[in-house]
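Here's a quick tour of a protein and DNA assembly, written for someone who likes to know which residues sit where. Have a look at the structure, then read on.

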Number of protein chains: 2
Amino acid sequence: MARNKSNEFADELQQMANWAKALGHPARIAILQTLAEKGTCICGDVVATLPLAQPTVSQHLRELKDAGLIQGEIEGSKSCYCIDQEQVKAMFAAFTSLKESLHLERTLNNCC
Amino acid sequence: MARNKSNEFADELQQMANWAKALGHPARIAILQTLAEKGTCICGDVVATLPLAQPTVSQHLRELKDAGLIQGEIEGSKSCYCIDQEQVKAMFAAFTSLKESLHLERTLNNCC
DNA sequence: CCTTCTCATCGTATAATTGCAATAACAAAT
DNA sequence: ATTTGTTATTGCAATTATACGATGAGAAGG
């Protein structure tokens, strides 16, 4: 039981859901904002900005990386991260596309 | 261990993360699209559009309702749902605001 | 070489999510 | 009143997410 049925849906839906899931924790949104603010890549400075322990932050970073929203490289003894601008742009484009497909502002709420 | 630290973050971040989490499953995005397409409210017709059993769909509907993205009323023996346009608009506005705060298109990827 | 600093990974514990069968609740129809 | 149709809820199993201490891997500095 409870086997995942997510792959029964269209690829576009899965992609959008994956991106949304990556944004589904405040720490990960905060990480994106920090990376954007600091511009160039950071490593454990991210830890300093969050109320979370270093392994937890590392885990969130990996999830953002798995979702394709950030890039990470090893730079000497440190580890640099930055936003993957193309992917983030693609994500927001998908959200905009979703918004338009929902045809809001058509009328007022017409429930029942 | 593992007690939730989400409330350590700013309310705005939590709100955004909650909305994103609600979009974090393809079935729930599909439900929003169905509700938007059918315009007026539906009930178990949603079930017919998804590869999921009725209780599972009911659960996803409740999560969308808890996130504030849809409204639901009991109409006789049926149950009507519709998009909460104001909330959905607010969600997309928050996403747009996030996008702008990330200052994309500033340069190319400048990782390390 | 040894220490230190930085970060990832492992292991573990708790909580939340996902999924459905079974059942309840309740209106509508016979 | 009994059956039927529709939806929510309950209960359960499996999976995934969240969080951190402990440990490992590797570079930098002494």
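A residue counts as near a molecule or strand if its C-beta atom, placed from the backbone, lies within 6 Å of it. Keep in mind that this is a predicted model.

With that cut-off, 30 residues are around DNA strand D, and those that come nearest are A:Gly76, B:Ala2, B:Cys43, B:Gly44 and B:Ser79. Which elements give two or more residues to this surface? They are helix H4 (54-66) of chain A, plus H4 and strand S2 (78-83) of chain B. H4(B) has the largest share, at five residues.

Now for the two protein chains. Their contact takes 46 residues from chain A and 46 residues from chain B. On the chain A side, at least two residues each come from helix H1 (11-22), helix H2 (26-38), strand S1 (70-75), strand S2 (78-83) and helix H5 (85-101).

Inside chain B, the axes of helix H2 (residues 26-38) and helix H4 (residues 54-66) come within 10 Å and cross at roughly 75°, so H2(B) and H4(B) are roughly perpendicular to each other. H2(B) brings B:Ala27, B:Arg28 and B:Ile31 to this contact, while H4(B) brings B:His60, B:Leu61, B:Glu63 and B:Leu64.

Here's how the residue classes break down:

| Set of residues | Nonpolar | Polar | Charged |
|---|---|---|---|
| Surface near DNA strand D | eleven residues | 15 residues | four residues |
| Side of chain A that touches chain B | 25 residues | 13 residues | eight residues |
| Contact of H2(B) with H4(B) | four residues | one residue | two residues |

Terms used. Residues are numbered from 1 along each chain as its sequence is written. Chains are lettered from A and ligands numbered from 1 in the order in which they are written. This is a predicted model: local features need pLDDT of at least 70, side-chain atom pairs count only at pLDDT 80 or more; totals for chains, interfaces and linings use all residues. Axes are lines fitted to C-alpha atoms, for helices over the stretch in contact, and angles run from 0 to 180 degrees between N-to-C directions. Helices (H or I, at least four residues) and strands (E, at least two) are DSSP runs, numbered from the N terminus. Angles under 35 degrees count as roughly parallel, over 145 as roughly antiparallel, 65 to 115 as roughly perpendicular and the rest as oblique. Two residues are in contact if their C-beta atoms, placed from the backbone, lie within 7 Å. Ala, Val, Leu, Ile, Met, Phe, Trp, Tyr, Cys and Pro count as nonpolar, Asp, Glu, Lys and Arg as charged, and the others, Gly among them, as polar.
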